[in-house]
Amino acid sequence: MKPNDSAHDLYLRRVRSSDIDLMFYWVNSPDSLRNKKKTQAPVKWPAHQQWFNDRLSDSDTRIWIIEKNHKPIGQVRVQLENGVLSIDIFIDPSQRCKGYGYKAIKMLIKQCHMIWPGVSVLAEVRNENYPSLSFFIRLGFQISADDEHVSQLVYKTSTIVTEKK
């Protein structure tokens, strides 16, 4: 981080229905498509609308917009599936390598611990996506399984330690 570039003005706000266009733009960005684990094809608008509305109405899903100085720079999402929280993060490429993703995930993990105490957080990352694998490992996630395409990394929320400011 640059001396005058602080992650202190970073916060998570719950997604709103008005964020649908922004989320559509992000999901179809070349960088996002390249790192998807299921398909790398662009998402069509009707499919995105259905997905977005389903997520908003799903009590087992939470989506937050990451904002820096009141401007959206990314999103984090968790979805409770089979007793674990699957995580997804996107940081706008122009905002990467500034510590914002790291700080956002730390805030997200604290939120998850309050909402779903003791539930582990699972990240699935394509094996060739070395920056993301390294990112989650630095955050304290541990590789729990992998195959030739995807690694699963787990963060046990019971290991949360309150950080001193």
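**H48 in helix α3 is buried, at 3% relative accessibility.** Here buried means under 20% relative accessible area, exposed means over 50%, and partly exposed covers the range in between, with a 1.4 Å probe and protein chains only. The model is predicted: local features are described at pLDDT of at least 70 and side-chain atom pairs at pLDDT 80 or more, whereas totals for chains, interfaces and linings use all residues. Residues are numbered from 1 along each chain as its sequence is written, and side-chain values use heavy atoms, leaving out hydrogens and water. Helix α3, which holds H48, spans residues 45-57. Helices (H or I, at least four residues) and strands (E, at least two) are DSSP runs numbered from the N terminus. Beyond four places in sequence, the contacts of H48 are I20, M23, F24, V27 and V43; a contact requires heavy atoms within 4.5 Å.

**Y25 is part of helix α1, residues 20-27.** The residue is exposed, with a relative accessibility of 56%. Between the C-alpha atoms of Y25 and V43 the distance is 9.7 Å, for a separation of 18 residues in sequence. V43 is also among the contacts of H48.

**R13 makes salt bridges to D19 and to E67.** A salt bridge is counted where a side-chain nitrogen of Lys or Arg comes within 4 Å of a carboxyl oxygen of Asp or Glu. In the pair of D19 and R13, the closest N and O atoms are 2.8 Å apart. D19 is buried at 6% relative accessibility, and R13 is buried at 12%. In the pair of R13 and E67, the closest N and O atoms are 2.6 Å apart. R13 belongs to strand β1 (residues 10-14) and E67 to strand β2 (residues 61-68), so this bridge ties together parts 54 residues apart in sequence. E67, like R13, is buried.

**D58 and R55 form a salt bridge with an N to O distance of 3.9 Å.** D58 is partly exposed, its relative accessible area being 21%. R55 is buried, at 16% relative accessibility. Elsewhere, R13, D19 and E67 are joined into one network by salt bridges that share partners. The structure has five salt bridges.

**The largest nonpolar core has 28 residues.** Such a core is a set of buried Ala, Val, Leu, Ile, Met, Phe, Trp, Tyr and Cys residues joined through side-chain atoms within 4.5 Å. The members that touch the most others are I66, V78, I87, I105, L108, F136 and F141. Two or more residues come from each of β1, β2, β3 (71-81), β4 (84-91), α4 (100-115), β5 (121-126), α5 (130-138) and β7 (150-155). The largest share is from α4, which gives six residues. Leaving out residues up to four places away in sequence, I105 touches V76, I87, I89, F135, L139 and F141. A second, separate core has eight residues, including M23, F52, I63 and I65. In soluble globular proteins, nonpolar side chains tend to be buried together.

**C97 is exposed, whereas C112 is buried.** The relative accessibility of C97 is 83%, and the relative accessible area of C112 is 0%. With a disulfide taken as a pair of cysteine sulfur atoms within 2.5 Å, the count is zero.

**The chain ends include stretches of low confidence, with pLDDT under 50 over residues 1-5 and 160-165.** pLDDT is the predictor's confidence in each residue, from 0 to 100. Residues 1-5 have six contacts beyond four places in sequence, and residues 160-165 also have six. Where pLDDT is low, the predicted coordinates should not be read in detail. Over the protein chain the mean pLDDT is 86, and 85% of the residues reach 70 or more. Confidence is lowest in helix α2 (residues 30-34), with a mean of 66, and highest in β2, at 97.

**The whole protein chain contains five helices and seven strands.** Their order from the N terminus is β-α-α-α-β-β-β-α-β-α-β-β. Of the 165 residues, 42% are buried. Among contacts between residues at least 6 apart in sequence, 60% join residues at least 24 apart. The chain exposes about 9900 Å², of which carbon and sulfur atoms supply 52%; accessible areas follow the Shrake-Rupley method with a 1.4 Å probe, and for residues only the protein chains shown count as cover.
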